[in-house]
Amino acid sequence: MGIVCSNCKHVVRIYETSEEVREMAKQLKATVKPPWYLFLGSIILTLIIGLLVVQSTSRKNKYSAYLENPQVNDIYALRNAYETPENKYELWKVINVKEDSIDMSVSIFKYRYIPNQLKPEDLFFDNYITYHKNTMLEFLKNGTIAKVSRGMTIVKGNSTESIPDSTNIDGDYSK
């Protein structure tokens, strides 16, 4: 704050004035409210961060529900921190669900990104590995599982179809 002479435009800072003038300046400042739009950037940033937190939490809850109740043909995208960026993700396909464990087939290919659709040539190995359901939930909590997909589609030319509900793991997805 400062006091400006309307005639010569000389500026006197508040701390250079008497105590009485400083007190009047404080009272005047208390009556003036900052415009609401000055806080708009902070409000928008807070809303965006809140939305991202809610979205991330709901996605983890959805994936957790999928892992607690797995179904045949669910696809798990696992992050491998030890691989190069070109081979960062691998896919695991649920081929059998037991009471407390899951049999999964690992994809032959590794991926740079998590695919949203599979192609017929995205094959899975004929053998499988078995994990306890709690281990898979732990993989989700520590970030090894990046995504869980249910009802992923297979692209064949210009058409798509859902993965059939079967334990077929040899890459032949025809009905």
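This is a short walk through one protein chain, from its sheet to its helices, cores and cysteines.

Good morning. One caution first: this is a predicted model.

Let's start with the sheet. Five strands make it up, and the sheet is open. Read across, the order is β7, β5, β4, β3, β8. The pairing is antiparallel. Now look at the edges. β7, residues 129-132, and β8, residues 145-149, stand there. Each has a single partner strand, so one side of each is left without a neighbour in the sheet. The sheet also twists: neighbouring strands are turned by 35° against each other on average, direction ignored.

Now the pairs. Take β4 and β5. How many bridges do they pair over? The count is 7, in the antiparallel sense. A hairpin of 3 residues joins β4 to β5. Find Y89 on your screen; Y111 in β5 stands opposite Y89.

Move on to β5 and β7. They run antiparallel and are joined by 4 bridges. Here D103 stands opposite T130 in β7. How much of β5 is buried? The answer is 8 of its 11 residues, so β5 is largely enclosed by the rest of the structure.

At the other edge, β3 pairs with β8. β3 covers residues 75-79, and the two strands share 4 bridges in the antiparallel sense. One pair to find: L78 has I145 in β8 as its bridge partner.

What packs on this sheet? Helix α2 does, residues 40-68, and it touches β3 and β8. The direction of α2 makes about 70° with that of β8. Helix α3, residues 133-141, packs on the sheet as well. α3 touches β3, β4, β5, β7 and β8. Its direction makes about 80° with that of β7.

Stay with α2 for a moment. It has 29 residues. From first C-alpha to last it reaches 42 Å, close to the 42 Å expected at 1.5 Å a residue. Which of its residues are buried? Y63, S64, Y66 and L67 are. Look at the spacing of those numbers, and keep a general rule in mind. An α-helix has 3.6 residues a turn, so residues three or four places apart point the same way. What covers the buried residues of α2? The cover includes β3, α3 and β8.

That brings us to the inside. The largest nonpolar core has 16 residues. Which of them touch the most other members? L67, Y76, W92, M104, M136, I145 and V148 do. The elements giving two or more residues to this core are α2, β3, β4, β5, α3 and β8. The largest share comes from α3, with 4 residues.

Take V148 as an example. Leaving out residues up to four places away in sequence, V148 touches Y63, Y66, L67, I75 and Y76. Y63, Y66 and L67 are among the buried residues of α2. There is also a second, separate core, of 9 residues. It includes A77, Y111, F124 and M152.

Now two loop residues. First, P115, in the loop between β5 and β6. Is P115 buried or exposed? It is buried, because its relative accessible area is 5% and the limit for buried is under 20%. Beyond residues up to four places away in sequence, P115 touches L91 and M152. P115 and L91 are 24 residues apart along the chain, yet their C-alpha atoms are separated by 9.1 Å.

Second, D74, in the loop between α2 and β3. At 1% relative accessibility, D74 counts as buried. What does D74 touch? Again leaving out residues up to four places away in sequence, the list is Y66, W92, K93, V94, S149 and R150. Y66 and W92 should sound familiar: Y66 is buried in α2, and W92 belongs to the largest nonpolar core.

Last stop, the cysteines. How many disulfides are there? The count comes to 0. C5 is in no disulfide; the nearest cysteine sulfur is that of C8, 3.5 Å away. Why is there no bond between C8 and C5? A disulfide needs the sulfur atoms within 2.5 Å, so 3.5 Å is too far. The two also sit in different accessibility classes: C5 is partly exposed at 31%, while C8 is exposed at 52%.

That's the tour. Thank you.

Technical notes. Residues numbered from 1 in each chain as written. Predicted model: local features only at pLDDT ≥ 70, side-chain atom pairs only at ≥ 80, totals over all residues. Heavy atoms only, no water. Pairing = 2+ DSSP bridges. Axes fitted to C-alpha atoms, helices over the stretch in contact; angles between N-to-C directions. Contact = heavy atoms within 4.5 Å. Buried < 20%, exposed > 50% of the residue type's maximum accessible area, 1.4 Å probe, protein only. Core = buried A, V, L, I, M, F, W, Y, C linked by side-chain atoms within 4.5 Å. Expected span 1.5 Å × (residues − 1).
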